Amino acid sequence: MASNFAWLLALAGLSAAAATSPRVFPFAYTQEDLPNGLRLVTIPTDYPNIVALCIVVQTGSRNEIEPGKTGFAHLFEHVMFKGTEQYPPEKYEAVLKRAGAASNAFTSDDLTAYHTTFSKEDLETILAMEADRFQHLKYSPAEFKTETLAVLGEYNKNSANPLNKLFEVLRETAFDRHTYRHTTMGFLKDIQDMPNQYAYSLQFFDRYYRPEYTTVIVAGDIETHSVRALVDRYWGNWKRGNYRAAIPAELPQQGPRTNQVEWPTRTLPWLAVSYRGPAYSDTAKDMVALDALSYLAFSENSDLYQKLVIQEQKVDVLEGDNEDHVDPYLFTVLARVKKPQDVAYVEQQVLETVKQFRERAVSGERLEAVKKHLRYSFSLRLDNSETVALTVASYVALRRTPATIDRVYDLYAQLTPDDVRNAARRYLAEQNRTIVTLATRQAGGAK
Amino acid sequence: MTRLLLSLLFASGAWAQMKVVTLPSRSALVNIRVVWGVGAAADPADKPGLANLTAALLADGGTRELTYKQVLDALFPMAASVSNQVDKEMTTFSGQTHVDNLTAYYKLFRAMLLDPGWRPDDFQRVKDNTINFLRVSLRGNNDEELGKEVLYNLLYEGTPYGHHNAGTISSLEKLTLEDCRRFYQTHYGRANLILGLAGGYPPPFLEQMRKDFSGLPEGSATGTLPPPPSIKHTRAVIVEKDTRSVAYSIGYPIDVRRGDPDYPALLVAQSYFGQHRESGGLLFQRMRELRGLNYGDYAYIEYFPRGMFQFEPSPNLARQQQIFQMWIRPVEPPTAKFALRLALYELDKLVSEGLSQEAFERTRDFLAKYVNLLTKTKSAELGYAIDSLYYGIPDYNRYVKSALARLTREQVNRAIRKHLRADRLQIVAVSRNAEALRSALESDAPSPMTYNSPKPPEILEEDRIVEKWSLGLRPEDIRIIPVEKIFE
């Protein structure tokens, strides 16, 4: 009986929450700014014992504005593990070990994020140690050089996958000026030159590892006020900086572009059809309209998927992607084609689908299914504190607040079929298009 | 803390031997995991890949009532899917849904598993996908996973574990829809079935599920498997492929699994030596941090596929037989021999010296907390609970923590000496210019290391030992296999 009663209570709680709040982000969070410009976001969750800490620096490969320095934000992510006087790497490791923590970091176009998940009793230790490395990182030229080799090792292990090469070429072809022209890993020649860039690395740290670029996200079994007190104590003396990167703006594309990649080993051909898209926005509808279009036109429940993947079985991967970015990025349709002779046909089918979406509005019913899909897939993701922190991190990179999540999902809710057609007309135009194909190099080709 | 309710329904009647694992909670999400105790080890000798293809057809095909397209359309608004995983002895179907959609989702889930459509066009598509997975995704695009899977195939050659779970390309090309249907009828029974349910489901839902699955025939579980063949000398296979760098997987079978008295001790040894994707492991420190040889180096005592994509292992890969494995991420070709020597040198040191008291305590304390992170999602917690049932142990976190609390350094070092060794290894390398690598590996010539920055004297001194470290490889024990031949 007792457990049945508990079950009824739980359900009542759920429906009450659903009736009073349409918010897609279900957690009550607190956002505070320290006087030095550091932002703190605390998110108590119902998941017991565990705390997830994610420190977001709003610096990624987008900030790599100088020639020859591509891949530096990512390299710096590695360098951040080289220690301080108070916590040399061995001690840093020992503290993480004692806390039973899982710790890692990642870099993308728009952010570098450092995340650690651990038991709640270790919160102060971890926050203090992280504060120390963000303020007092110290590494020798020799340690720096060794770490550049680990980055080369990362490039090497990635290089077996043709998609990495495909996106490298796609970006280089689609962009002329903006730093999205290169991938987060950077160009191989720049990675190979990294050992010579110690001085630049110090400058990079000085520019970007500053409180005004940084947001500390703490999610899990926590109390907001005690987290704030710890952050004040350990992060409060961090000095604000004043550097602003001048990211070169991309000029409008003047006509369609194409490129081909030859792959040395056997693979199925890949096709990427890309259009210059809008930047992330939680106020204008274009971005969310193109998100919806990527599902309507190219997801598993699209007509094209039904045709190419299920009926004709000419394609085994088909997806549309409109990634969130700070600056205008790319709307991309990606297909893996089973037979090389079908690539032209698949390309024509993708272009034909784009044309239909420019010409005709979709049914309201189908758009509603996409809206439901988006809301449910978001809430299904938030099933533990670590993914809560990481999900918030991806939005902090864009707008520095979790508030943008509900704003952008409100925009989805307001979308109409006309919005989708208008966005298709504005962005999915021939002069904005770049097509890149990748296929196995033919025998006798250049080695 | 969540409650683990384990209902072992040994009562007579329709549900005899079907097991149920539940983790009820107040979450708005519901996780379902249905695990049959059958997998690639049950593939007929002439039909490798049949278990996997059958499961893929259920998860990626239509039902008797609905075409696959209709299934996808129905799942889409719920943002839900049905995933499947086939390992040697387990076939798992899992999914997650918001409780709002539980009834509609389960209707599809149930029909996909209990009333499949067996359509020829679904079969053809799923078969093509599987062949492309082996030929393109694994063989063509992922040198590290390829090396790992080749290692397993070699260690278990001639036994029911001796082929990739997805089978071989020549076998897949011959398999028929009727083969799949027959496999399903024979092996998807009650006797080898575990139903797992977690999250905020209403109590009557569990009864409904039990009732639905009780209609299956009895079926049978995998029997005891023959031991893997022993390795007499260290041997190497070089998979020749046009690739930038050299990826290694190294290992041998061990007879320790969860529930074995030495499992907690070996878990400590593994974590100390090469905790997955963490920088604190010894191999990672010695190979990457100090010497910059590659991106990372790890060690395992349980099967851990897809390690490059995930930080925690997937559950429901429970096996009677496991291997000790080292994963050396791709190294630049000029340092390939030195890197291999260093890995074996470190393994030798682990076996001969064991852990210091300080290292033992540090690693034990780490694991006692880290184990919580393995079950941070409900889906993982449910998966681990099912695995614990397979291995006959209590809830995994409790099992590990209580064993660690009693463990001593001597027990760990004794378990290392008993189960691990630095000779009689199977080495797999994925590399271009296989002949050149073969010559390098069979020669005793030193392979000195050079660095792009000054190194401490103790590292340089150690390098002088490592550069001459014997791999114990006889020329006749090195084989080259062109990548096109793998999984054919």
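Two residues are in contact here if their C-beta atoms, placed from the backbone, lie within 7 Å. The model shown in every view is predicted.

**Figure 1. Surroundings of A:Thr59 in the loop between S3 and helix H2 (72-79) of chain A.** Leaving aside residues up to four places away in sequence, A:Thr59 touches A:Ala73, A:Thr112, A:Tyr208 and A:Tyr213. A:Thr59 has 25 C-beta neighbours inside 10 Å and therefore counts as buried. A:Pro141 lies 82 residues from A:Thr59 along the chain, and the C-alpha atoms of the two are separated by 23 Å.

**Figure 2. Strand S6 of chain A and the strands that pair with S6(A).** S2(A) runs parallel to S6(A), with 6 bridges in the pairing. In this pairing, A:Arg39 stands opposite A:Thr215. S3(A) pairs with S6(A) in the antiparallel sense over 7 bridges, and A:Val57 stands opposite A:Thr214.

**Figure 3. The two faces of S6(A).** In a regular strand, side chains alternate between the two faces of the sheet. One side of S6(A) carries A:Thr214, A:Val216, A:Val218 and A:Gly220, the other A:Thr215, A:Ile217 and A:Ala219, and all of these are buried. Because 7 of the 7 residues of S6(A) are buried, S6(A) is largely enclosed by the rest of the structure.

**Figure 4. Contact between domain 1 (28-235) and domain 2 (257-440) of chain A.** The C-alpha centres of domain 1 of chain A and domain 2 of chain A are 28 Å apart. To the contact, domain 1 of chain A brings 34 residues and domain 2 of chain A brings 31 residues. On the side of domain 1 of chain A that touches domain 2 of chain A, at least two residues each come from strand S2 (39-44), strand S3 (50-57), strand S5 (112-119), helix H6 (162-174) and strand S6 (214-220) of chain A. H6(A) gives the most to this side, with 8 residues. By class, the side of domain 1 of chain A that touches domain 2 of chain A has 20 nonpolar, 9 polar and 5 charged residues.

**Figure 5. Contact between domain 1 (5-213) and domain 2 (235-485) of chain B.** Here 30 Å separates the C-alpha centres of domain 1 of chain B and domain 2 of chain B. The contact involves 34 residues of domain 1 of chain B and 37 residues of domain 2 of chain B. Strand S2 (19-24), strand S3 (29-36), S5, H5 and strand S6 (193-199) of chain B give two or more residues each to the side of domain 1 of chain B that touches domain 2 of chain B. H5(B) supplies the largest share of that side, 10 residues. The residues of the side of domain 1 of chain B that touches domain 2 of chain B are 14 nonpolar, 10 polar and 10 charged.

**Figure 6. Hairpin of strands S4 and S5 of chain B.** Strand S4 (residues 83-86) and strand S5 (residues 91-98) of chain B form an antiparallel pair over 4 bridges. The hairpin that joins S4(B) to S5(B) passes through 4 residues. Across the pair, B:Gln85 stands opposite B:Thr92 in S5(B).

**Figure 7. Contact between chain B and chain A.** Chain B contributes 58 residues to the contact and chain A contributes 57 residues. Helix H2 (68-75), S5, helix H4 (120-138), helix H5 (143-155), strand S10 (322-331) and H12 of chain B each provide at least two residues of the side of chain B that touches chain A. H12(B) accounts for the largest share of this side, 8 residues. The side of chain B that touches chain A consists of 20 nonpolar, 19 polar and 19 charged residues.

**Figure 8. Helix H12 (residues 357-374) of chain B and what covers its buried residues.** H12(B) has 18 residues and reaches 26 Å from its first C-alpha to its last, close to the 26 Å expected at 1.5 Å a residue. A bend of about 30° falls at B:Ala368 in H12(B). The buried residues of H12(B) include B:Phe360, B:Thr363, B:Arg364, B:Phe366, B:Leu367, B:Lys369, B:Tyr370 and B:Leu373. From chain A, the cover over the buried residues of H12(B) includes helix H3 (89-98), strand S4 (102-107) and S5. From chain B, the cover includes helix H9 (263-274), helix H14 (396-406) and helix H15 (409-419).

Note on methods
Residues are numbered from 1 along each chain as its sequence is written. Chains are lettered from A and ligands numbered from 1 in the order in which they are written. This is a predicted model: local features need pLDDT of at least 70, side-chain atom pairs count only at pLDDT 80 or more; totals for chains, interfaces and linings use all residues. Domain bounds come from an automatic or database domain assignment. Ala, Val, Leu, Ile, Met, Phe, Trp, Tyr, Cys and Pro count as nonpolar, Asp, Glu, Lys and Arg as charged, and the others, Gly among them, as polar. Two strands pair if DSSP finds at least two bridges between them. The expected span of a helix is 1.5 Å times one less than its number of residues. The bend at a residue is the angle between axes fitted to the seven residues ending there and the seven starting there. A residue is buried if 20 or more other C-beta atoms lie within 10 Å of its own, exposed if 12 or fewer, and partly exposed in between; C-beta atoms are placed from the backbone.
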